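Open the model in your viewer and keep the selection tool at hand. We will go from one stop to the next.

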Amino acid sequence: MTNGAKRARVIRVAGPGPAVREFISERNKQQAARAYAEQWYQSLRAWKLVFGEAAVMSVSYAAFRNSGGDGISTLGEGGTPSPTTLITPMGEVGEGETGRTITTLEYAGTPDAARLGRRLKAIRGGTSMATLVDERGGWASPKERAMEYAVAVLTLAVRLRDPHAEIHLFHLQKSVD
């Protein structure tokens, strides 16, 4: 006999739970890597610079007042240019250092590094993809090309000492394998 009351049963299945959690965790890490690569990619495409403050020297113009305009300039031509920094996801990075790193990769002795350098040069030249990430969250088409650009920008970020880029590059390369 039953008393008419029904009891809910909790069914627990042993097995795939940890595997599913691991899969979801890895997927989230790959999404974060994709998003970080997109941030770097867009910052390189925009190439927004901050111009450093030039040192202002105190100059006496007394010697030039009566010279009659003999072609001597006091406007600072030929002096040390003011430093420029590039705005990136990790903050401001020297524009010169970034350019040298891209050139170093482009002319590297290994084909893989040279290919990454050419991808970075294309980004800087404005002849690359508009975005790496599709609006639905996956890679933009063609996927292989977007992934190659992502590896290139994160490799550059690692070489510029971005503390977050190395782990994102690891997860990105893990998804490629």
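How many salt bridges does the structure hold? Six. Keep in mind that this is a predicted model. We will visit some of those pairs, but start with an overview.

**Whole chain**

Colour by secondary structure. Six helices and three strands should appear. Follow the sequence and the order reads α-β-α-β-β-α-α-α-α. Of the 177 residues, 29% count as buried. Now consider contacts between residues at least 6 apart in sequence: 64% of them join residues at least 24 apart. Switch on the surface. Its accessible area comes to about 12,400 Å², and carbon and sulfur atoms account for 54% of that.

**The core**

Hide the surface. Select W40, L44, L120, L132, V153 and L154. These residues have the most contacts inside the largest nonpolar core, a set of 34 residues. Which elements give two or more residues to this core? They are α1 (17–46), α3 (95–106), α4 (111–125), α5 (143–159) and α6 (165–176). The largest share comes from α5, with 10 residues.

Zoom in on W40. Set aside its neighbours within four places in sequence. What is W40 then in contact with? The partners are T88, P89, M90, V153, L154, A157, L160 and D162. Two of these, V153 and L154, also appear among the core residues with the most contacts.

**Helix α4**

Select 111–125, which is α4. This helix has 15 residues. From first C-alpha to last, α4 reaches 21 Å, close to the 21 Å expected at 1.5 Å a residue. Show the side chains of A113, A114, L116, G117, L120, A122 and I123. They are the buried residues of α4. Bring back the other helices to see the cover over them: it includes α1, α3 and α5. A reminder on spacing: an α-helix has 3.6 residues a turn, so residues three or four places apart point the same way.

Step past the end of the helix. G126 follows α4, and its phi is positive, near 80°.

**A charged network on α4 and α5**

Select D112, R115, R119 and E148. Salt bridges link these four residues in a network. Side chains of opposite charge can pair when their charged atoms come close.

Take E148 and R115. Their side chains meet in a salt bridge at 3.3 Å, N to O. The pair links distant parts of the chain, with E148 in helix α5 and R115 in helix α4, 33 residues apart. R115 is partly exposed, with a relative accessible area of 33%.

Now take E148 and R119. The closest N and O atoms of this salt bridge are 2.7 Å apart. Again distant parts of the chain are linked: R119 is in helix α4, E148 in helix α5, and 29 residues separate them. R119 counts as partly exposed, at 23% relative accessibility.

**E97 and R161**

Select E97 and R161. They form a salt bridge, and the closest N and O atoms are 2.7 Å apart. E97 lies in helix α3 and R161 in the loop between α5 and α6, so the pair ties together parts that are 64 residues apart in sequence. Is R161 buried or exposed? R161 counts as exposed, at 59% relative accessibility. E97 counts as partly exposed, at 23%.

Stay on R161 and check its backbone. Phi is near 70°, a positive value in a residue other than glycine.

**More backbone stops**

Go to W47, in the loop between α1 and β1 (49–51). Here phi is near 50°, again positive in a residue other than glycine. Is W47 buried or exposed? W47 is buried, with a relative accessible area of 10%.

Next, select S141 and P142. What kind of peptide bond joins them? The bond is cis, with omega about -5°. P142 lies in the loop between α4 and α5.

**A nonpolar patch**

For the last stop, turn the surface on again and select V20, F23 and I24. Together they form a nonpolar patch on the surface, with about 300 Å² of accessible area. Within this patch, F23 has its place in helix α1. F23 is exposed, with a relative accessible area of 56%.

Terms used. Residues numbered from 1 in each chain as written. Heavy atoms only, no water. Core = buried A, V, L, I, M, F, W, Y, C linked by side-chain atoms within 4.5 Å. Buried < 20%, exposed > 50% of the residue type's maximum accessible area, 1.4 Å probe, protein only. Helix = DSSP H or I, 4+ residues; strand = E, 2+ residues; numbered from the N terminus. Contact = heavy atoms within 4.5 Å. Expected span 1.5 Å × (residues − 1). Patch = residues over 30% accessible without salt bridge, like charges linked within 9 Å, V, L, I, M, F, W, Y side chains within 5 Å. Areas by Shrake-Rupley, 256 points an atom, 1.4 Å probe, with all protein chains shown as cover.
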